Amino acid sequence: MSEHKKPELSVILPSIRPERLPGFYKSLCESTSLQFELIVVGPNPLPEELLQYRNIKYVRDFGHPTRAQNIALLVAEGENVTWQADDAIMLPGSVDANMKILREMGGNPLNVVIAKYQEGQVGSVDRDRQHDDSYFKIAAGPAASPYLPPDWWLFNVAFMHRSFLEALGGFNSEFEGTWSSQTDLAIRAQAAGAIVKMSGIACMICDHMPGTTGDHEPIHNCQTFHDEPLLHAKYRNNEWPKNESIAAEIMNWKNVETVWTRRFK
């Protein structure tokens with residue numbers, strides 16, 4: 001019997017856009033030479049052209065995007081893990097470049113590498129234009145708090161050891177949108193001693209639908225009316241983390257809606 005090696009990297013992908021998946025998978029293959037698995041969680045089956053690939057896992061679920069992330073984590077087998085968006089195109093060699101930095105940091109499971117990204121129409125974004133580092137810090141956005149260190153990083157695109165992510169309880173499914181749960185993860189990870197390095201390398205370009213345009217309305221509404229108030233309640237509070245555990249409950253995805261009513265009526 002042939003022996004199949006575990007993947008070096010698990011790529012978590014909540015998805016509602018199956019038509020974008022073939023392009024995403026192709027760009028992911030062009031971004032890395034590592035043995036990887038892609039874990040897609042969402043309501044729509046994989047396109048038929050992707051069924052031939054044995055390194056793609058699919059779980060059907062109608063819950064919110066953070067719930068999808070945590071379900072994907074439960075079936076992840078890679079030593080390392082990252083997460084992406086299904087409206088993204090990965091840049092050639094970018095995953096390898098970021099993973100090389102993670103390896104060079106050594107074997108400490110608390111090591112994390114974060115990468116840059118761009119938002120806009122994928123076909124028209126200037127790939128050489130970069131946001132400066134401040135754009136990727138918690139203090140620059142709606143999660144800013146006087147009780148959090150101003151130099152802490154966001155984890156919108158991160159590469160980390162799966163063991164550390166699991167020890168943190170994964171993505172907190174109390175948050176619905178991925179930006180919010182990834183920000184919550186970043187805060188908890190750095191409070192737990194994460195050693196974070198900004199690679200400065202652009203990893204992907206993703207489309208951007210402002211406000212309630214396109215299919216973005218559920219994400220806009222959950223972040224505005226649910227997730228940001230929850231972030232403020234948790235972290236604009238000088239009692240955190242004294243008043244609760246840094247680790248989330250990894251199975252709390254079971255406590256939220258099975259069918260996310262913001263998107264599926």
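**Salt bridges, core and surface in a predicted model**

User: In this predicted model, what is the relative accessible area of Asp 133?
Analyst: The model is a prediction, and the value for Asp 133 is computed from its atoms. Buried residues fall under 20% and exposed ones over 50%, so Asp 133 counts as partly exposed, its relative accessible area being 35%.

User: Which residue meets the side chain of Asp 133 in a salt bridge?
Analyst: The two side chains come together at 2.9 Å, N to O. The pair links distant parts of the chain, 17 residues apart, with Asp 133 in the loop between strand 6 (111-119) and strand 7 (158-161) and its partner in strand 6. Because the cut-off for buried is under 20%, the partner counts as buried at 7% relative accessibility, and this residue is Lys 116.

User: Glu 37 and Lys 57 also meet in a salt bridge; which of the two is buried?
Analyst: Their side chains meet at 2.9 Å, N to O, and the pair joins strand 2 (residues 36-42), which holds Glu 37, to strand 3 (residues 56-60), which holds Lys 57, across 20 residues. Both residues also belong to a network of salt bridges that includes Lys 6 and Glu 77. Lys 57 is partly exposed at 23% relative accessible area, whereas a value of 4% makes the other residue buried, namely Glu 37.

User: In which helix do Asp 184 and Arg 188 lie?
Analyst: Asp 184 forms a salt bridge with Arg 188, the closest N and O atoms being 2.8 Å apart. Asp 184 is buried at 0% relative accessibility, and Arg 188 is buried at 2%. The two residues are four apart, about one turn of the helix, and both lie in helix 5 (residues 178-191).

User: How many residues make up the largest nonpolar core?
Analyst: In soluble globular proteins, nonpolar side chains tend to be buried together. Here, Leu 38, Trp 83, Phe 155 and Phe 159 touch the most other members of the core. Beyond its neighbours within four places in sequence, Trp 83 has contacts that include Ile 12, Phe 155, Met 160 and Leu 185. The number of residues in this core is 65.

User: About how much accessible area does the nonpolar surface patch have?
Analyst: One of its residues, Leu 74, lies in helix 2 (residues 65-75) and is partly exposed, with a relative accessible area of 39%. Leu 74 forms the patch with Val 75 and Met 251, and together their accessible area is about 200 Å².

Terms used. Residues are numbered from 1 along each chain as its sequence is written. This is a predicted model: local features need pLDDT of at least 70, side-chain atom pairs count only at pLDDT 80 or more; totals for chains, interfaces and linings use all residues. Side-chain values use heavy atoms; hydrogens and water are left out. A nonpolar core is a set of buried Ala, Val, Leu, Ile, Met, Phe, Trp, Tyr and Cys residues joined through side-chain atoms within 4.5 Å. Buried means under 20% relative accessible area, exposed over 50%, partly exposed in between (1.4 Å probe, protein chains only). Contact means heavy atoms within 4.5 Å. Patches are made of residues with over 30% relative accessible area and no salt bridge: like charges are joined within 9 Å, nonpolar side chains (Val, Leu, Ile, Met, Phe, Trp, Tyr) within 5 Å. Accessible areas come from the Shrake-Rupley method with a 1.4 Å probe; for residues, only the protein chains shown count as cover. A salt bridge is a side-chain nitrogen of Lys or Arg within 4 Å of a carboxyl oxygen of Asp or Glu.
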